[in-house]
Amino acid sequence: MTNLLEYFNVVDKNAVVRAAHQADPAASMSAFGLSIDEQNAVLSGNTHMLAEALGIDSAEIPVVHVPNTVFAPTQQIVAEGVTVH
């Protein structure tokens, strides 16, 4: 199981982690240990990027609803934080 898939499972099953993700997705993912590429894939909302980060074909990803996550194509996580253009 990839770290990203493990994170999705924890967010799904753990109300505290889910609340942390909803409040500040970047901080929550960083604290969990996701790589910058994994974080950017989640924040993008792009199924192709998510599939690549998960190591699967994008056709295998069902429609995913992540409550209260803002998908901003101009938002990228950089080495030590979030940069919004």
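Pro62 is exposed, with a relative accessible area of 54%, a value that lies over the 50% taken as the limit for exposed residues. In this predicted model, Pro62 is found in the loop that lies between helix H5 (47-54) and strand E1 (75-78). Pro62 and Thr47 are separated by 15 residues in sequence, and their C-alpha atoms are 8.9 Å apart in space.

The protein chain as a whole contains 5 helices and 2 strands, and these elements follow one another from the N terminus in the order α-α-α-α-α-β-β. Of the 85 residues in the protein chain, 26% are buried. The accessible surface of the protein chain comes to about 5400 Å², and carbon and sulfur atoms account for 56% of this surface. When contacts between residues at least 6 apart in sequence are considered, 45% of them join residues at least 24 apart.

The packing of the helices was examined next, beginning at the N-terminal end. The axes of helix H1 (residues 3-13) and helix H2 come within 5 Å of each other and cross at roughly 105 degrees; H1 and H2 are therefore roughly perpendicular to each other, since angles of 65 to 115 degrees are placed in that class. On the H1 side the contact is made by Tyr7, Val10, Val11, Asp12 and Lys13, and on the H2 side by Ala15, Val17, Arg18 and His21. Classified by residue type, the contact of H1 with H2 comprises 5 nonpolar, 1 polar and 3 charged residues.

Helix H2 (residues 15-23) also meets H3, the two axes coming within 5 Å and crossing at roughly 130 degrees, which makes H2 oblique to H3. H2 contributes Val17, Ala20, His21, Gln22 and Ala23 to this contact, whereas H3 contributes Pro25, Ser28 and Met29. The residues of the contact of H2 with H3 divide into 5 nonpolar and 3 polar, with no charged residue among them. Val17 and His21 of H2 thus take part in the contact with H1 and also in the contact with H3.

Within helix H3 (residues 25-32), attention may be given to Ser28, which counts as buried because its relative accessibility is 10%, and the limit for buried residues is under 20%. Residues up to four places away in sequence being left aside, Ser28 touches Tyr7, Val17, Ala20 and His21. Of these neighbours, Val17, Ala20 and His21 are also listed for H2 in the contact with H3, while Tyr7 is listed for H1 in the contact with H2. The side chain of Ser28 makes a polar contact with the side chain of Tyr7, at 2.8 Å. A further relation to H1 is given by Val11, which lies 17 residues from Ser28 in sequence and 9.7 Å from Ser28 in space, C-alpha to C-alpha.

Farther along the chain, the buried residues of helix H4 (residues 36-44) are Glu38, Gln39, Asn40, Ala41, Val42 and Leu43. H4 is followed by Gly45, a residue with a positive phi, near 70 degrees.

How values were computed: Residues numbered from 1 in each chain as written. Predicted model: local features only at pLDDT ≥ 70, side-chain atom pairs only at ≥ 80, totals over all residues. Heavy atoms only, no water. Helix = DSSP H or I, 4+ residues; strand = E, 2+ residues; numbered from the N terminus. Buried < 20%, exposed > 50% of the residue type's maximum accessible area, 1.4 Å probe, protein only. Contact = heavy atoms within 4.5 Å. Polar contact = N/O pair within 3.5 Å; in protein donor to acceptor, adjacent residues only side chain to side chain. Areas by Shrake-Rupley, 256 points an atom, 1.4 Å probe, with all protein chains shown as cover. Axes fitted to C-alpha atoms, helices over the stretch in contact; angles between N-to-C directions. Parallel < 35°, antiparallel > 145°, perpendicular 65-115°, else oblique. Nonpolar A, V, L, I, M, F, W, Y, C, P; charged D, E, K, R; others polar.
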